[in-house]
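Work through the following exercises with the sequence and the model side by side. Each task is followed by a solution in steps.

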Amino acid sequence: MRVFRQHIVPGLAAEEPTLRADTKGILLGVLQTPASSLWLPSLLNESSALHRAAEAGDLELCRALVRAGALVGLADGSGRSPEACARAHGRGDVAAFLRGCVPVTATRVGAGDAFQAAMDDRRSVGRVEWYTMPLEGVAGRLGGRHSLLAIAVSSQEEPSNQHVYVVEKASGARDAAAVPEQFRHGVYISHWDDVKGHVDSRYAALSDGQVRPGVTMPSLRELAVRKGPYEVGANNCHHMAQDLFNACARDAHQQNSRPNSGLSRWAWILGKCGIDIAESRCQESGSRCPVAPSLDMQSGSPSHLYDACPFPLEGNCPAEEHRDAKDAALLSDWIYSPELGGLPERLRVEELHRSTATDPVQWASVRKGETCYVVFRGTDLGGGDVLRDLLVDACVMPLQTPSGLHVHSGMWTALCQGALRAVTSRLGAAAEVVLCGHSLGGGYAVLAAGELLHREPGRRGLRVVTFGAPQVVRPDGGSAVWRALRSRARHYVNAWDMVPRLPSCRAWIETLPKLIYRPLSASCAVRWVPSGAVDLERLVAAGRGYDHTGALVFLVRAASRGMLLEEPAAWRPLLDEQPAGFSEHRRLQERVLGFHSRAEYRDIVVKVAGSGS
């Protein structure tokens with residue numbers, strides 16, 4: 001029971017309720033049933049912990065499980081929901097409680113009472129601010145957030161007389177005929193003054209000169225409704241916010257990314273497996289979710305990350321030191337969604353190779369004058385290759401390549417499926433070559449550069465620039481290829497980004513199970529995997545000996561300069577260190593994804609590089 005209280009349902013240990021004997025029997029039974037969980041049973045034809053608590057009529061335990069993220073709409077092996085189980089066993093109070101729980105997809109901040117005023121308001125949009133707020137339930141524990149737009153309208157005659165509306169999207173009644181016109185397809189319009197105390201962080205903004213002329217509230221509402229009803233994986237609040245934001249933005253200020261794109265993709269994948277993450281519920285049926293406002297968040301990563309985890313940066317790297325960095329950062333972001341365009345005219349795409357069923361590596365060749373950039377895509381949490389990319393990331397056992405270096409076996413094997421041969425053929429005798437990428441893509445760039453230097457030992461003009469890349473090579477001072485890589489590679493690390501510290505830093509390796517299993521086991525799984533299934537010592541042993549090739553440049557959003565460290569003795573302590581309490585934070589996944597955000601890398605590098613790139 002102590003294990004259940006402390007590690008399975010956070011908050012229960014602090015409350016220490018007195019549980020009846022039959023409730024204890026339920027919990028013990030759950031813990032002894034292989035793979036029983038709060039949502040996994042739909043795959044295993046079992047009852048979840050919430051089903052069994054509902055049958056027992058333990059309202060207190062049901063409340064605790066729902067707070068922990070149990071899926072209220074989940075069916076057991078007999079097709080019954082927890083509410084149905086409660087009714088079948090005469091547990092009326094439990095059934096009423098479960099019936100009153102609200103899906104997280106129904107989360108909204110406003111009452112939707114500004115519809116008519118907005119439809120009658122023909123003034124043009126002058127300012128747009130995109131805000132987010134944390135969700136509750138399992139989606140919230142996985143880092144899920146709700147998006148809304150604050151849209152200010154005014155007239156040319158009276159620019160100071162403006163009104164601000166809020167537009168957001170949420171799921172509603174399944175019967176479309178029962179939904180009033182003002183809430184059609186889950187689009188709600190409210191007044192900013194009524195909701196401004198409940199928003200959390202600003203994700204992006206458009207000010208004067210950045211908004212297209214002639215955009216009005218009626219036209220935006222028509223666009224939002226035309227997109228169709230709410231769908232958690234394909235048409236949720238973030239999709240609508242991005243669509244409306246870009247409808248207002250001039251071409252140079254379009255938003256190519258949105259919050260929780262990876263989580264939306266996972267929700268879609270899990271839905272195909274019969275698990276509806278959207279059915280994670282909140283206990284309150286109201287729409288308001290008051291949270292404290294935070295600092296500006298225009299870059300796509302919460303600024304409070306840096307306040308909560310200050311990084312000891314001493315800027316020593318002026319703009320002129322960041323050769324190739326600005327263009328490499330833009331390309332490393334662009335390669336995730338090249339169909340959206342957005343590259344400056346100076347960068348001309350020569351070849352784009354998309355990942356296929358037989359070749360998992362997506363890359364492109366881009367020309368800038370005499371310089372040829374080859375950019376590799378990283379792990380795309382919002383794309384269809386996410387599972388395959390994660391498997392590649394996980395295969396950290398070293399493999400010896402023809403150059404003699406021991407490298408990350410997963411990435412090397414993926415590269416050898418066709419990308420390595422195609423890249424070396426494409427580069428030919430190009431005088432200036434820059435290999436770059438973010439995350440997994442940065443690892444590919446390092447390994448491809450090593451192979452090029454092995455094949456052409458005297459090759460000049462070859463450079464490597466990565467952003468948030470893991471360590472993929474074991475140092476070998478006796479190797480000419482290793483020494484060449486050391487002199488040509490530069491790796492950018494955003495403060496406490498976890499990925500560049502893997503797989504060699506023990507403190508960060510020990511964070512992995514908490515990142516992977518705590519959001520699942522603490523939020524939605526009583527027993528996601530058997531105890532001890534994560535062999536930390538084996539992970540540490542596999543990662544031991546890896547390190548970065550070349551110099552490291554540490555970044556912090558607020559700093560105008562990076563911190564360049566060229567020797568392992570200087571950067572190793574900063575990689576090995578972990579801020580106190582970092583891995584125990586209740587929003588661990590948000591921290592990890594925030595520091596690793598490719599948009600965050602892009603924006604910081606563009607700032608520190610200035611005109612020096």
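Two strands pair if DSSP finds at least two bridges between them, and strands (E, at least two residues) and helices (H or I, at least four residues) are DSSP runs numbered from the N terminus. This is a predicted model, in which local features need pLDDT of at least 70 and side-chain atom pairs count only at pLDDT 80 or more, while totals for chains, interfaces and linings use all residues. Residues are numbered from 1 along each chain as its sequence is written, and side-chain values use heavy atoms, with hydrogens and water left out.

**Exercise 1.** Place E14 in its sheet and find its partners.

Step 1: the open sheet of 8 strands has the order E8-E9-E10-E13-E14-E15-E16-E17, with mixed pairing. Its edge strands, each pairing on one side only, are E8 (348–353) and E17 (563–565).

Step 2: E13 and E14 run parallel and are joined by 6 bridges, with Thr-466 of E14 as the bridge partner of Gly-437. Between these two strands the chain passes through H20, and this β-α-β crossover is right-handed, a term which means that, with the strands pointing away from the viewer, the path from the first strand over the helix to the second runs clockwise.

Step 3: E14 and E15 (residues 489–494) also run parallel, joined by 4 bridges; here Thr-466 stands opposite His-491, and Val-465 has Arg-490 as its bridge partner.

**Exercise 2.** Decide how the two faces of E14 are covered.

Step 1: take buried as under 20% relative accessible area, exposed as over 50% and partly exposed as in between, using a 1.4 Å probe and protein chains only. By this criterion 6 of the 6 residues of E14 are buried.

Step 2: in a regular strand the side chains alternate between the two faces of the sheet. Leu-462, Val-464 and Thr-466 lie on one side, with Arg-463, Val-465 and Phe-467 on the other, and both sets are buried.

**Exercise 3.** Which residues have the most contacts inside the largest nonpolar core?

Step 1: a nonpolar core is a set of buried Ala, Val, Leu, Ile, Met, Phe, Trp, Tyr and Cys residues joined through side-chain atoms within 4.5 Å. The largest one has 37 residues, and Phe-376, Leu-435 and Tyr-444 have the most contacts inside it.

Step 2: the elements that each supply at least two residues include E10 (371–376), E13 (432–438) and E14 (462–467), while H20 gives the most, with 9 residues.

Step 3: leaving aside neighbours within four places in sequence, Leu-435 is in contact (heavy atoms within 4.5 Å) with residues including Val-374, Phe-376, Ala-448, Leu-452 and Val-464.
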